[in-house]
Amino acid sequence: MSMVDEPLYPIAVLIDELKNDDIQLRLNSIRKLSTIARALGEERTRKELIPFLSENNDDDDEVLLAMAEELGVFIPYVGGLEHAHVLLPPLETLCTVEETCVRDKAVESLCRIGSQMRETDLVDWFIPLVKRLAAGEWFTARVSACGLFHIAYPSAPEMLKTELRTIYSQLCQDDMPMVRRSASTNLGKFAATVEPSYLKTDVMQIFEDLTQDDQDSVRLLAVEGCAALGKLLEPQDCIAHILPVIVIFSQDKSWRVRYMVANQLYELCEAVGPEPTKTDLVPAYVRLLRDNEAEVRIAAAGKVTKFSRILSPELALQHILPCVKELSSDSSQHVRSALASVIMGMAPVLGKDATIEQLLPIFLSLLKDEFPDVRLNIISKLDQVNQVIGIDLLSQSLLPAIVELAEDRHWRVRLAIIEYIPLLASQLGVGFFDDKLGALCMQWLQDKVYSIREAAANNLKRLAEEFGPDWAMQHIIPQVLEMANNPHYLYRMTILGAISLLAPVMGLEITCSKLLPVVVTLAKDRVANIRFNVAKVLQSFIPIVEQSVMEKTVRPCLVELVEDPDVDVRFFSKQALDAIDQVMMTS
Amino acid sequence: MDGEGDVAMTPEGLEWKFSQVFGERAAGEEVQEVDIITAIEFDKTGDHLATGDRGGRVVLFERTDRIDEGVHRGVVEAMDCSSSQHPEFHYKTEFQSHEPEFDYLKSLEIEEKINKIRWCQTSNNAMFLLSTNDKTIKFWKVQEKKVKKMCNFNLDPPKSTINGFISSSNVPASSKTFVTNGGCIDNPLNFRSNSLPFRGITSLHLPTVTSHETSLLAKCRRTYAHAHDYHINSISNNSDGETFISADDLRINLWNLEISSQSFNIVDMKPANMEDLTEVITSAEFHPSHCNMLAYSSSKGSVRLIDLRQSALCDTHSKLFEEHEAPGSKSFFTDIISSISDIKFAKGGRYILSRDYMTLKMWDINMDSGPVATFQVHEHLRPKLCDLYENDAIFDKFECCLSGDGERVATGSYSHLFRVFGCSEGSTEATTLEATKNPTRRQVQTPPRFLRSPGNSSHGGLDDINGNGFDSTTKLLHLAWHPSENSIACAASNSLYMYYA
């Protein structure tokens, strides 16, 4: 008897807690629904657990969301595919709740179950469910229905298919904009399952209606449909039906619709092919680049490179480049910033001559932009332009920009530029770097902001990796070690951090001869924080230094620290000593 | 309850009759400050009415006369009223929407007073509404919830518990009568610490639900906060069902109902230098059907229509409606009394009604040269503007409303009076009603009225619309017209009066 009790007890708790007052406990039970189901067995899960869940669906959203998710993977617990349909009723009710994320999850789970169900079961159970939802009294049910058609449609017999298409087109004309938005969003998925003959007639009619909807929010979702539908249609149909819509959308009264076009235009070009792109979409794109609304220009500017790539260099030079020139002095800093983040990519498209002649002046003006983000965006993509024009031309204008950013008032800007230093170093080479940037890198170690000092230490490590230990020994280590005597303890701490980062890169010899003595000296620091950080650094040396050095230098130092008056110092040095002992034991 | 009111006969005008009153004041009863009604709003169907008050509470009323008798017979009978033609409402529920807060950074108290209520799309038999105080907008769901008695647990002795209610946040701390949302909260066994010896669990079973009583539960679904530096004066839903706007003195923000963490600024009137400030936003509303259009009014007496399609930041209006003062008529008060306190779109969205201190004006959005109609509300107060300025009454913000058919408009005044005007072509209808059980008594009989002027003697010589004594402390600011029938709900301090015609 007790043998049976033991495993049942925790399950009994879980089941009872499905209805506990504490939401955390309910949530926990729902998350372990599969455990409960396994204990109950397949048949009782079908006959008791699932109906129980279907009835008790007025719980908090978090619980419902978890339930919707769990049920999506519940097929094995109800007895496999032949019984999958028992999972539909609880999910159907979840499809009607008013919280969007619960509905979305329920639809996702239904799609997951539906895509595994047998064809006859789909017809018997799934399709009626879709129809019920689509005819739901409340808009929430109808919104959910739109996301299920692409699962239901393929298995439906001919009669039912016709009905489903009709229902979908009704949903696209629903009174509630929410339903039309959902229908618009899901149109691409549904269209992909519809036979080509109906695609051209029924689906295109639906699409056309959506593109003329008077709600902006519906029309702008139809823009996404353009790309999805375009990929399904034959090229000539695409040009006949989709292209005009795109061109109209690109001149829509609502900036939000034009914004969507600007964002999607690249995908749309792929859908219609190269020839119509040249004749129709390039003018549309140029219009968007010159749009009145800054948001639209931002979206369009961000696609300059992607768009140029699918054009010939001549077309790009002739149509796109003049706009790029205008945008580089746009009144909105966000437009310039978006342009700066992609403009580097145009260099390979235009080729060396055009880049030097046309693009370089734009780079340079953006590098001098008053807005730090713009400058940063240019610098972050420097490797791309370097490949085309070489560093010599750039370096003269680059350096002042870098120095200015390195001393920017906003620490986030300084942080960003530090993160690009290793990239710059690899592009500029050792020689250039030594002259100009070396001093800056050291200066950051004494920044007022901790994040900058931390990033500066990390930067040194990456530089050492880039240029090798010998170079670092000459250009980094002496300066760093010198700062170990800084009167301010926070700077000494930064140096300790830098040392622990540099040690693995510098290797055994330099660590023992140069770094270790400095660390040991700092063990006598009057600030406790420094001393326990010494213990931490020494622990990090364990994998690097030899055993003899360990015994001769590291251990005595730690033994001394273990007796420290400060509790934290004792803790960390004890921890380090234990780690050493462990290494000794295993070796 | 009905039939008490006298009949107001105006040419072609409506006969307004008293229908109902909620929270009527007994003679000599002091009005509690927190009970003063500060917002009234019908939902789209007109089957529900919400009021907000100074104490941060939202009270919901439900129409009973049209609802299926089978379900609500008990309620109707309990109210002891004969079935009638006009809308009858009964108290449904109330909840504490906002609490007083303190902004420690700015050292400012944030009142709990409800500034505006707006109904949202209903779904799944639940009601949704937005309520706002000066700073924070909240999205509420009010729903019948099953009170479930669970029993037959696996582990505990047969003991039942009520599940699923956390009522603390919603139970108002007032002395008014209300239906508690929760019922008894009886914490069930905590299994984690349960040391009961368990014996003989030989089989598992699911708990059973034994009771299906329902109770109304209001739950705050979302809180849209920290987006307004100034006091919020309006909120308005968009016809697209997914967005709404909130307007404060200088800015209008656009929200997605589902996203409470960010909003977009669409109008910003804040000058670079606050000393250059000449105009503030007083009210804003979305067009009833065009999702891209919204109108806002200003303290300078203008109504601006903007098109959200034009640009992301709509600082430039597409249309400006204002009436130019006749030259020479300008006085010290001109600017103050031209400030618009409320605007409302008519149902079709072609007309906008605006209320300034002296008048109601009807604007056609296709004609920006001037209003198509002007109704005098406070013209008789013109000689007394000086007194009204002295006691700040001149800054009172009267709301206005339109009937569902767009044939009539209404707005409030002092002495708990409100006026209804016919605005259809050629109509001369102009009725003055008093928010009492006998709305037309002032016109029929003009008894000398004893004025209660609590500790403030400055209103002595003022007369109201009908030439009676006038009391600027008994102002009727808030009123709402039923969306489809001739029925008006209006707030006279803490009482909600309803009239029909």
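Is Cys291(B) buried or exposed? Cys291(B) is buried, with a relative accessible area of 6%. The close-up views described below are of a predicted model.

**View 1. Cysteines of chain B that form no disulfide.** Over all chains, the structure contains zero disulfides. Cys120(B) takes part in none, and the cysteine sulfur nearest to its own, that of Cys220(B), lies 12 Å away. Cys291(B) is likewise in no disulfide, its nearest cysteine sulfur being that of Cys314(B), at 12 Å. A disulfide requires two cysteine sulfur atoms within 2.5 Å, so a separation of 12 Å from the nearest cysteine sulfur leaves Cys291(B) unpaired. Cys120(B) counts as buried, with 13% relative accessibility.

**View 2. The interface of chain B and chain A.** Chain B contributes 51 residues to this contact and chain A contributes 53 residues. Together the two chains bury about 4,500 Å², of which 50% is on carbon and sulfur atoms. Within the area that chain B buries against chain A, 18% comes from Leu204(B), Leu206(B) and Arg309(B), more than from any other three residues.

**View 3. Polar and charged links across the interface.** Eight salt bridges are counted between chain B and chain A. A salt bridge joins the side chains of Arg181(A) and Glu242(B), with an N to O distance of 3.5 Å. Across the interface of the two chains there are 18 residue pairs in polar contact, with both residues at pLDDT 80 or more.

**View 4. The side of chain B that touches chain A.** Strand E10 (137-151), strand E11 (161-163) and strand E13 (213-224) of chain B each supply at least two residues to this side. The most is given by E10(B), with five residues. By residue class, this side of chain B divides into 17 nonpolar, 20 polar and 14 charged residues.

**View 5. Arg258(A) and its surroundings.** Arg258(A) belongs to helix H16 of chain A, which spans residues 255-272. With a relative accessible area of 10%, Arg258(A) is buried. Its side chain reaches the backbone oxygen of Asp252(A) at 2.8 Å. Beyond neighbours within four places in sequence, the contacts of Arg258(A) include Phe249(A), Leu288(A), Asp291(A), Glu293(A) and Val296(A). Gln310(B), a residue of chain B, is also among the contacts of Arg258(A).

**View 6. Asp53(B) in a strand of chain B.** Asp53(B) is located in strand E3 of chain B, residues 48-53. The relative accessibility of Asp53(B) is 3%, so this residue counts as buried. Setting aside residues up to four places away in sequence, Asp53(B) touches Val34(B), Asp35(B), Ile36(B), Ile37(B) and Thr38(B), and also Glu112(B), Lys113(B) and Ile114(B).

**View 7. Glu322(B) in a loop of chain B.** Glu322(B) sits in the loop between strand E21 (319-321) and helix H2 (334-338) of chain B. Glu322(B) is partly exposed, its relative accessible area being 25%. Apart from neighbours within four places in sequence, Glu322(B) is in contact with Gly301(B), Ser302(B), Trp363(B) and Ser369(B). Between Glu322(B) and His290(B) the separation is 32 residues in sequence and 22 Å in space, C-alpha to C-alpha.

Methods:
Residues are numbered from 1 along each chain as its sequence is written. Chains are lettered from A and ligands numbered from 1 in the order in which they are written. This is a predicted model: local features need pLDDT of at least 70, side-chain atom pairs count only at pLDDT 80 or more; totals for chains, interfaces and linings use all residues. Side-chain values use heavy atoms; hydrogens and water are left out. Buried means under 20% relative accessible area, exposed over 50%, partly exposed in between (1.4 Å probe, protein chains only). Contact means heavy atoms within 4.5 Å. Buried area is the accessible area (1.4 Å probe) that two parts lose on being put together, summed over both. A salt bridge is a side-chain nitrogen of Lys or Arg within 4 Å of a carboxyl oxygen of Asp or Glu. A polar contact is a pair of N or O atoms within 3.5 Å; within protein, one must be able to donate a hydrogen and the other to accept it, and residues adjacent in sequence count only if both atoms are side-chain atoms. Helices (H or I, at least four residues) and strands (E, at least two) are DSSP runs, numbered from the N terminus. Ala, Val, Leu, Ile, Met, Phe, Trp, Tyr, Cys and Pro count as nonpolar, Asp, Glu, Lys and Arg as charged, and the others, Gly among them, as polar.
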